Amino acid sequence: PPDVSGTQTFTLTVKVSDGAAITSKTVDITVTDTVPGPQILLSDDFTDGSYNGWSLVDQGTMGGSMAWSAASGTMVQSSNVHSTLSIDPVAKLGTYAYWQAGTGWTDYTASVTIKSTDNDALGVMFRYQDENNYYRFIWDAERNSRQLVKCKGGVFSVLAEDSVPYVTGKSYQVKIAAQGSLLQISIDGSPVFSVNDSTFSSGSIALYSWGNAGSYFDDILVEGLFGANQAPVVSVTASPSTISDSVASQLQVTASDLDGPNALTYSWTVPSGQGSLDNLYIANPLYTPPDVSGTQTFTLTVKVSDGAAITSKTVDITVTDTVPGPQILLSDDF
């Protein structure tokens, strides 16, 4: 059938001939839309008192450790964990909880109800790939600041900002729309930011808190935009992940195409001087390390494509020197 919106009925006709006479018949086929409405990717209101499926990350070095809980039926972060502003005033490394199953999401909207009983920063991260690559909407009442920032390779840059504080104790609905390179933020239905940036085409969402002993998150709803292709979901292992420079390690990519069943392609990158692979375009190449002195860790990258979207993952391999000290050729005390 063709691609349809809603439901349509198509009539096909066949003519059967015996060489002298013809009989004509028709058949009706009813076709429905594969995606008749928004595709719900995630819906979580924490009423079960747990945050199963969310992974917690603690990056702040000040104000204690992270303290996440959903026991009250709302996701709450109640510690003051943060990083100093003197090093990087944009980074604001604190703590966040990301949805593990969302790494392959591409185009989607995400709405989150947020509230703060403190006056520092909280927000929502999206197209989250790992702790060094994502977009983040951050709202800080004490500093009268709203920002849309990008973290690429651990380096932060501001895409949009204004000077509007939130009201402590008031609930807001933050809605994020990411479609292609268009990134839009609205609060309670009113547009806040709209920018174009094509750095990240896929990734999950995360709930973020910085220096805010009272960050509340609830009523999470993520919907795939109509016709959106989802990037492959990928994990990578190295066996073993610690080797000497005289042996090899077996790499293995496990990938699935959520839109199925498309053929996946693989492309590995090994930085210069960090060893070699026996094949750069398969899921399970063999890694041969370089000769090292001491111990070194090398990072290899694989990109997995379904023909429309790409997911990039890295794997670390620690390589030790086969001969870390003098080689004893003879020892004899008779």
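In the predicted model, Leu12, Val27 and Ile29 together form a nonpolar patch of about 240 Å² on the surface. Of these residues, Leu12 belongs to strand β1, which covers residues 7–17. Leu12 is classed as partly exposed because its relative accessible area is 43%, a value that falls between the limits of 20% for buried and 50% for exposed residues.

An open sheet is built from 4 strands in the order β18-β20-β23-β22, and their pairing is antiparallel. The edges of this sheet are occupied by β18 (233–239) and β22 (276–277); each has a single partner strand, so one side of each lacks a neighbour in the sheet. Strand β20 (residues 249–256) is joined to strand β23 (residues 286–288) by 2 bridges in the antiparallel sense. In one of these contacts, Ser249 has Tyr287 of β23 as its bridge partner.

Aromatic side chains form 15 pairs. For Phe137 and Trp139, the ring centres are 6.4 Å apart and the planes meet at 55°, so this pair is tilted; the angle lies between the limits of 30 degrees for stacked and 60 for edge-to-face pairs. Both Phe137 and Trp139 are buried. Elsewhere, ring pairs connect Tyr96, Tyr98, Tyr128, Tyr134 and Phe156 into a cluster.

Tyrosine rings also take part in contacts with charged side chains. Lys115 is placed over the face of Tyr216, at 4.9 Å from the centre of the ring. In a further contact, the charged end of Arg136 lies over the ring of Tyr208, 4.4 Å from the ring centre.

Key
Residues are numbered from 1 along each chain as its sequence is written. This is a predicted model: local features need pLDDT of at least 70, side-chain atom pairs count only at pLDDT 80 or more; totals for chains, interfaces and linings use all residues. Side-chain values use heavy atoms; hydrogens and water are left out. Patches are made of residues with over 30% relative accessible area and no salt bridge: like charges are joined within 9 Å, nonpolar side chains (Val, Leu, Ile, Met, Phe, Trp, Tyr) within 5 Å. Accessible areas come from the Shrake-Rupley method with a 1.4 Å probe; for residues, only the protein chains shown count as cover. A salt bridge is a side-chain nitrogen of Lys or Arg within 4 Å of a carboxyl oxygen of Asp or Glu. Buried means under 20% relative accessible area, exposed over 50%, partly exposed in between (1.4 Å probe, protein chains only). Two strands pair if DSSP finds at least two bridges between them. Rings of Phe, Tyr and Trp (its six-membered ring) pair if their centres lie within 6.5 Å; planes under 30 degrees apart count as stacked, over 60 as edge-to-face and the rest as tilted. A charge sits over a ring if NZ of Lys or CZ of Arg is within 6 Å of the ring centre and within 35 degrees of the ring normal.
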